[in-house]
Amino acid sequence: LNRLDGPTSGVILLSENPDLARLVKDAFAAHRVEKTYAALVKGIPPGKRDSWRDCLAVRKRNGTLRTQTTRGKPNAFVDVDLLQRGSGPPARALVALKPTTGRTHQLRVQCASRRLPIIGDATYGDFRFNREFRGKRGTGRLFLHSWKTRVATNFKGQAIDFMVESPLPDAFTVALR
């Protein structure tokens, strides 16, 4: 019912019931699904909380999709919470990203455009930093995790409030040390 970029870990929703699947897809389309991602970023956000509003455009280049910020009416919205700072250099932070839209590569592009690239992002990230980080920490994963998802809907006259959480991978804790 939802998709993640290939290297992103975490929650994926499935349904065996086609009617329920349609209701959940409709909830996604109407932005009525609450999603929370955890990301480990290079740098420290300037505040404890923020709301990012950007205009993103998706282009196909050499058979692959690339997203970039552009001028225009905002179409990508995410609320950001600083959860934890990494200990010692290099500067890094664990953030919660709560998008209300779901554009291609949205979170990765919005972080990178604020000079807070997600560690391990091989498309929009800081490539030199990623190589050094992988060498020191021994992990080259993308530090983006679909952490929590909540769907509230009515199904056959019954209210359903479904919440699922996927624990943060151990690599996040290790990378913050």
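**Exercise 1. How do the residues of the lining of the largest cavity divide into nonpolar, polar and charged?**

Before we start, a word on the model: it is predicted, so local features need pLDDT of at least 70 and side-chain atom pairs count only at pLDDT 80 or more, while totals for chains, interfaces and linings use all residues. Residues are numbered from 1 along each chain as its sequence is written, and side-chain values use heavy atoms, with hydrogens and water left out.

Step 1. Learn the term. On a 1 Å grid over the protein atoms alone, a cavity is a set of points where a 1.4 Å probe fits but cannot get out; a pocket is an open set with protein on both sides within 12 Å along at least five of seven lines; lining residues have an atom within 4 Å of a point.

Step 2. Find the cavity. The count comes to one cavity of 30 Å³ or more, and the largest cavity has a volume of about 30 Å³. A volume here is the space filled by probe spheres set on the points, with grid points joined across faces, edges and corners.

Step 3. List the lining: I119, G120, N130, F133, R134, T139, G140, R141 and F143.

Step 4. Sort by class. Ala, Val, Leu, Ile, Met, Phe, Trp, Tyr, Cys and Pro count as nonpolar, Asp, Glu, Lys and Arg as charged, and the others, Gly among them, as polar. The lining of the largest cavity has three nonpolar, four polar and two charged residues.

**Exercise 2. Trace the pairing of strands β2, β6, β7 and β8.**

Step 1. Two definitions help. Helices (H or I, at least four residues) and strands (E, at least two) are DSSP runs, numbered from the N terminus. Two strands pair if DSSP finds at least two bridges between them.

Step 2. Begin with β2, residues 33-42. β2 pairs with β6 (residues 92-99) in the antiparallel sense over six bridges, and V41 has A93 as its bridge partner in β6.

Step 3. Move to β7. Seven bridges join β2 and β7, again antiparallel, with Y37 facing S146 as bridge partner.

Step 4. Go on to β8. Eight bridges link β7 (residues 144-155) to β8 (residues 158-165), also antiparallel; T153 has I160 as its partner. These two strands make a hairpin with two residues between them, and K156 in the turn has a positive phi of about 55°.

Step 5. Check the cover of β2: eight of its ten residues are buried (under 20% relative accessible area with a 1.4 Å probe, protein chains only; exposed is over 50%, partly exposed in between).

**Exercise 3. Describe the two largest pockets.**

Step 1. The largest pocket holds about 450 Å³ of space. Its lining has 23 residues, with R3, K35, Y37, G102 and R103 nearest the centre. Two or more lining residues come from each of α1 (18-29), β2 and α2 (106-113).

Step 2. The class count for this lining is nine nonpolar, nine polar and five charged.

Step 3. The second largest pocket holds about 180 Å³. Among the residues that line this pocket are the bridge partners T153 and I160. Here α1, β7 and β8 each give two or more residues.

Step 4. By class, this second lining has eight nonpolar, two polar and no charged residues.

**Exercise 4. How many disulfides are found in the whole structure?**

Step 1. A pair of cysteine sulfur atoms counts as a disulfide within 2.5 Å.

Step 2. The search finds zero. For C55, the nearest cysteine sulfur is that of C111, 18 Å away.
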